[in-house]
Amino acid sequence: MFCPTCHEGVMRESARTYEVHVTAYPNPVTVRVTGVPALLCGSCGDVMFRGDTAERAELLASRVLVERGFRVGGVLRLARKTLGYRASDLAGLLGVANETVSRWENDHFAVDPATWVTLGSLIADELGGDRETLNRLAAARESRVPTDCEIAFDRPHREAEIIDLFAAKQLYGQQQLSNAAPAQRQPAAAPAPVSLTLDSMSG
Ligand SMILES: [Zn+2]
């Protein structure tokens, strides 16, 4: 493919650093994600990242900022947009008013630590192709009355599987439930080995 900028050079596979900038007081913060697959023009040097590659780099940057407890509105906004949520989507997931998300993002209120941990879990799930946190949030919102259920002691299980068993019992009754195999889980994809370097985050 020819370069869309100079129309002369041929784009070839390369790896480049992807920079994510976050508005923060007193100084903006930059996360540099190194080794990101890119297309490089052999003539003018223009660099292109594929959309899904850029999205993953932004998720990795969001995760490192959230996990380091950089609890400011700019990071929340970055994480929310990278996850593909509107402010109202995130408000609905967390069970808060839309205005609350807006106030967090504009640093009128600090995000509370429990919400911050949830945000980190949502990002980690997205990177791993998982829905565990979404399932937990959905279950917490529904607040069902529990029925009897069965879990295996000797294998890892997840909240989602227990909830599935509740649903199965309501549909089929106790007998089928005790014979039912737990839902199979797809192993999460291993994260790509992308290294992160942080700027303006010392101390
Ligand atoms: Zn070019």
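Two strands count as paired if DSSP finds at least two bridges between them. The exercises below apply this to a predicted model, and then turn to its helices and to single residues.

**Exercise 1. Establish which strands pair with strand 2, in what sense, and which residues stand opposite each other.**

Step 1. Strand 2 covers residues 29–41 and pairs with strand 1 in the antiparallel sense, over eleven bridges. These two strands form a hairpin with six residues between them, and within the pairing His 21 stands opposite Thr 30 of strand 2.

Step 2. On the other pairing, strand 2 is joined to strand 3, residues 47–48, by two bridges, and the two strands run antiparallel. That number satisfies the requirement of at least two bridges. Here Leu 40 is found opposite Val 47 of strand 3.

Step 3. The hairpin of strand 2 and strand 3 has five residues between the strands, and Gly 45 takes a positive phi near 80° in it.

**Exercise 2. Determine whether Val 20 is buried or exposed, and list what it touches.**

Step 1. Val 20 belongs to strand 1. The cut-off for a buried residue is 20 or more other C-beta atoms within 10 Å; Val 20 has 21 C-beta neighbours inside 10 Å and therefore counts as buried.

Step 2. When residues up to four places away in sequence are not counted, Val 20 touches Thr 30, Val 31 and Val 33, and also Ala 57, Glu 58 and Ala 61. For Thr 30, which is ten residues away along the chain, the C-alpha separation from Val 20 is 5.6 Å.

**Exercise 3. Describe how helix 1 and helix 2 are placed against each other, and which residues make their contact.**

Step 1. The axes of helix 1, residues 51–67, and helix 2, residues 73–82, come within 9 Å and cross at roughly 145°. The crossing is left-handed.

Step 2. Helix 1 contributes Glu 55, Glu 58, Leu 59, Ser 62, Leu 65 and Val 66, which meet Val 75, Leu 78, Ala 79 and Thr 82 of helix 2. Sorted by class, this contact holds six nonpolar, two polar and two charged residues.

Step 3. The spacing within such a contact can be read against a general rule: an α-helix has 3.6 residues a turn, so residues three or four places apart point the same way.

**Exercise 4. Explain why helix 2 is described as largely enclosed, and name the elements that cover its buried residues.**

Step 1. Helix 2 is largely enclosed by the rest of the structure because seven of its ten residues are buried. The buried residues are Gly 73, Val 75, Leu 76, Leu 78, Ala 79, Arg 80 and Thr 82.

Step 2. The cover over these buried residues includes strand 1 (11–22), helix 1, helix 3 (87–94), helix 4 (98–105) and helix 5 (113–128).

Step 3. After helix 2 comes Gly 84, whose phi is positive and near 85°.

**Exercise 5. Place Val 101 in the structure and identify its contacts.**

Step 1. Val 101 lies in helix 4, and it counts as buried because 25 C-beta neighbours lie inside 10 Å.

Step 2. Leaving aside neighbours within four places in sequence, Val 101 is in contact with Ala 87, Leu 90, Ala 91 and Val 96. Ala 91 is ten residues from Val 101 in sequence, and the C-alpha atoms of the two are 6.3 Å apart.

**Exercise 6. For His 7 and Asp 107, give the phi, the position and the degree of exposure.**

Step 1. His 7 has a positive phi near 60° although it is a residue other than glycine. His 7 sits in the segment before strand 1, and it is exposed, with 10 other C-beta atoms within 10 Å.

Step 2. Asp 107, likewise not a glycine, has a positive phi of about 60°. Asp 107 is located in the loop between helix 4 and helix 5, and with 15 C-beta neighbours inside 10 Å it counts as partly exposed.

**Exercise 7. Set these details within the whole protein, and state where the prediction has pLDDT below 50.**

Step 1. The protein has eight helices and four strands, in the order β-β-β-α-α-α-α-α-α-α-α-β along the sequence. Of its 203 residues, 19% are buried.

Step 2. The average pLDDT is 82, and 75% of the residues score at least 70. Over residues 173–194 the pLDDT is below 50, and this stretch has 25 contacts in the model beyond near neighbours in sequence.

Terms used:
Residues numbered from 1 in each chain as written. Predicted model: local features only at pLDDT ≥ 70, side-chain atom pairs only at ≥ 80, totals over all residues. Axes fitted to C-alpha atoms, helices over the stretch in contact; angles between N-to-C directions. Left-handed = near helix turned anticlockwise from the far one by under 90°. Contact = placed C-beta atoms within 7 Å. Nonpolar A, V, L, I, M, F, W, Y, C, P; charged D, E, K, R; others polar. Buried ≥ 20, exposed ≤ 12 C-beta atoms within 10 Å, placed from the backbone. pLDDT = per-residue confidence, 0-100.
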